[in-house]
Amino acid sequence: MLILLPPSEGKSPAPTGEPVDLDALSAPTLTRHRTKVMRALAKVSARKTALDVLGVGPSLADDVARNTRLGTEPAARAATVYTGVLYAAAGLDDLTPEQAALAHDSVRTVSALWGAVSPDDVIPAYRLSMGTDLPGVGPLATAWRPHLEKVLSPRAEGDVVVDCRSAAYLAAWKPAKGTDWVSVRVLRELDGKRSVVSHNAKHTRGVLTRHLLTRGGDQPRTAKEVLEAATELVGGPLVDATLLDGKNGASTLELVVL
């Protein structure tokens, strides 16, 4: 399986440590484009208009300033840098060695700065969203698309993609037609009616991610097997799990919570 996650909006800066080594990150074919984006981000972040270009408010000025020092800032495992509701539930920094090895192989965070990283990749905290039109690079989803195609498509071939990304990050890469691709949607059941929710969605996607990494046994290789794994959560955090067929081979896994 290949589990795709969005980055957390907030990042947890490493207190100490060596700076990022771009050549040591997974998917080394992305190094050249990572360097281009990082340099462009540093340049933009030093401008007076940085907050407007990056689409953030004054309260995040320190985060934007950190973008100018990404080459020297302390770095840490992505599993600890990415924080927030989804990552707290996924617990990628709290796995057994066997589970961590599975996460290293199977989990990728799609990033506006790094393209895609594994939980073990050592990166600094940064502030950049995929919806940004970055001067010197252009709209990031478009700019990353051909590069992620070369990295993620071969990994997805013959496997199942469990997609927990938001729309902005989905735009950066979509599995090829014929790929077993499962998009995860979270619904809330209230008074017998179900509706799409955002409040619990990130948490529930994190719960699913952790379950897929820690449940033991053979990992899912098809959409049907992802559904079977998700069904194991029914009666606990889930009320129901359903797989809906979609177009071009994409399916939707609906996870229902109260």
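**Exercise 1. Two helices in contact**

Task: In this predicted model, at what angle do helix 1 and helix 7 pack, and how far apart are their axes? Work out the orientation and describe the contact.

Solution.
- Step 1. Locate the helices. Helix 1 covers residues 31-45 and helix 7 covers residues 140-156.
- Step 2. Read the geometry. The angle is about 165 degrees, and the axes lie 10 Å apart.
- Step 3. Classify it. Angles over 145 degrees count as roughly antiparallel. Helix 1 is therefore roughly antiparallel to helix 7.
- Step 4. Add the hand. Helix 1 and helix 7 cross in the right-handed sense.
- Step 5. List the residues. Helix 1 brings His 33, Arg 34 and Val 37. Helix 7 brings Leu 140, Ala 143, Trp 144 and His 147.
- Step 6. Sort them. This contact of helix 1 with helix 7 has 4 nonpolar, 2 polar and 1 charged residues.

**Exercise 2. A second helix pair**

Task: Which residues of helix 6 and helix 9 meet? Give the packing geometry too.

Solution.
- Step 1. Find the pair. Helix 6 is residues 97-106, and helix 9 is residues 201-214.
- Step 2. Read the geometry. They pack at about 115 degrees with axes 9 Å apart. The crossing of helix 6 and helix 9 is right-handed.
- Step 3. Name the contact residues. Gln 99, Leu 102 and Ala 103 of helix 6 meet Leu 212, Leu 213 and Thr 214 of helix 9.
- Step 4. Sort them. The contact of helix 6 with helix 9 holds 4 nonpolar, 2 polar and no charged residues.

**Exercise 3. Trace the strand pairings**

Task: In which sense, parallel or antiparallel, do strand 1 and strand 3 pair? Start there and follow the pairings through to strand 11.

Solution.
- Step 1. Strand 1 with strand 3. Strand 3 is residues 107-111, and it pairs with strand 1 in the parallel sense over 3 bridges. Leu 4 faces Arg 108 in strand 3.
- Step 2. Strand 1 with strand 8. This pairing is parallel, over 3 bridges. Here Ile 3 is opposite Val 162.
- Step 3. Strand 8 with strand 9. Residues 160-163 and residues 180-190 pair in the parallel sense over 4 bridges. Asp 163 has Ser 183 as its bridge partner.
- Step 4. Strand 9 with strand 12. The two are parallel, joined over 8 bridges; strand 12 is residues 250-257. Ser 183 partners Thr 252. Val 186 partners Leu 255.
- Step 5. Strand 12 with strand 11. The sense is now antiparallel, with 6 bridges, and strand 11 is residues 240-245. Leu 244 stands opposite Thr 252.

**Exercise 4. The hairpin**

Task: How many residues lie between strand 9 and strand 10 in their hairpin?

Solution.
- Step 1. Check the pairing. Strand 10 is residues 193-196; it runs antiparallel to strand 9, and 4 bridges join them. Glu 189 has Arg 194 as its bridge partner.
- Step 2. Count the turn. Strand 9 and strand 10 have 2 residues between them.
- Step 3. Look at the backbone. Asp 191 in the turn has a positive phi of about 55 degrees. Most residues other than glycine have a negative phi.
- Step 4. Find another case. Ala 27 also has a positive phi of about 55 degrees, although it is not a glycine. Ala 27 sits in the loop between strand 1 and helix 1.

**Exercise 5. Burial**

Task: Which residues of strand 1 are buried on one side and which on the other? Then judge strand 12, Thr 31 and Glu 73.

Solution.
- Step 1. Recall the pattern. In a regular strand the side chains alternate between the two faces of the sheet.
- Step 2. Apply it. Leu 2 and Leu 4 are buried on one side of strand 1, Ile 3 and Leu 5 on the other. Both faces are covered.
- Step 3. Turn to strand 12. Of its 8 residues, 7 are buried, so strand 12 is largely enclosed by the rest of the structure.
- Step 4. Test Thr 31, in helix 1. Buried means under 20% relative accessible area. Thr 31 has 14% relative accessibility, so it counts as buried. Leaving out residues up to four places away in sequence, Thr 31 touches Leu 22 and Asp 23.
- Step 5. Test Glu 73, in the loop between helix 3 and strand 2. At 15% relative accessibility, Glu 73 counts as buried. With residues up to four places away in sequence left out, Glu 73 touches Glu 18, Pro 19, Val 20, Arg 66 and Pro 124.

Conventions. Residues numbered from 1 in each chain as written. Predicted model: local features only at pLDDT ≥ 70, side-chain atom pairs only at ≥ 80, totals over all residues. Heavy atoms only, no water. Axes fitted to C-alpha atoms, helices over the stretch in contact; angles between N-to-C directions. Parallel < 35°, antiparallel > 145°, perpendicular 65-115°, else oblique. Left-handed = near helix turned anticlockwise from the far one by under 90°. Contact = heavy atoms within 4.5 Å. Nonpolar A, V, L, I, M, F, W, Y, C, P; charged D, E, K, R; others polar. Pairing = 2+ DSSP bridges. Buried < 20%, exposed > 50% of the residue type's maximum accessible area, 1.4 Å probe, protein only.
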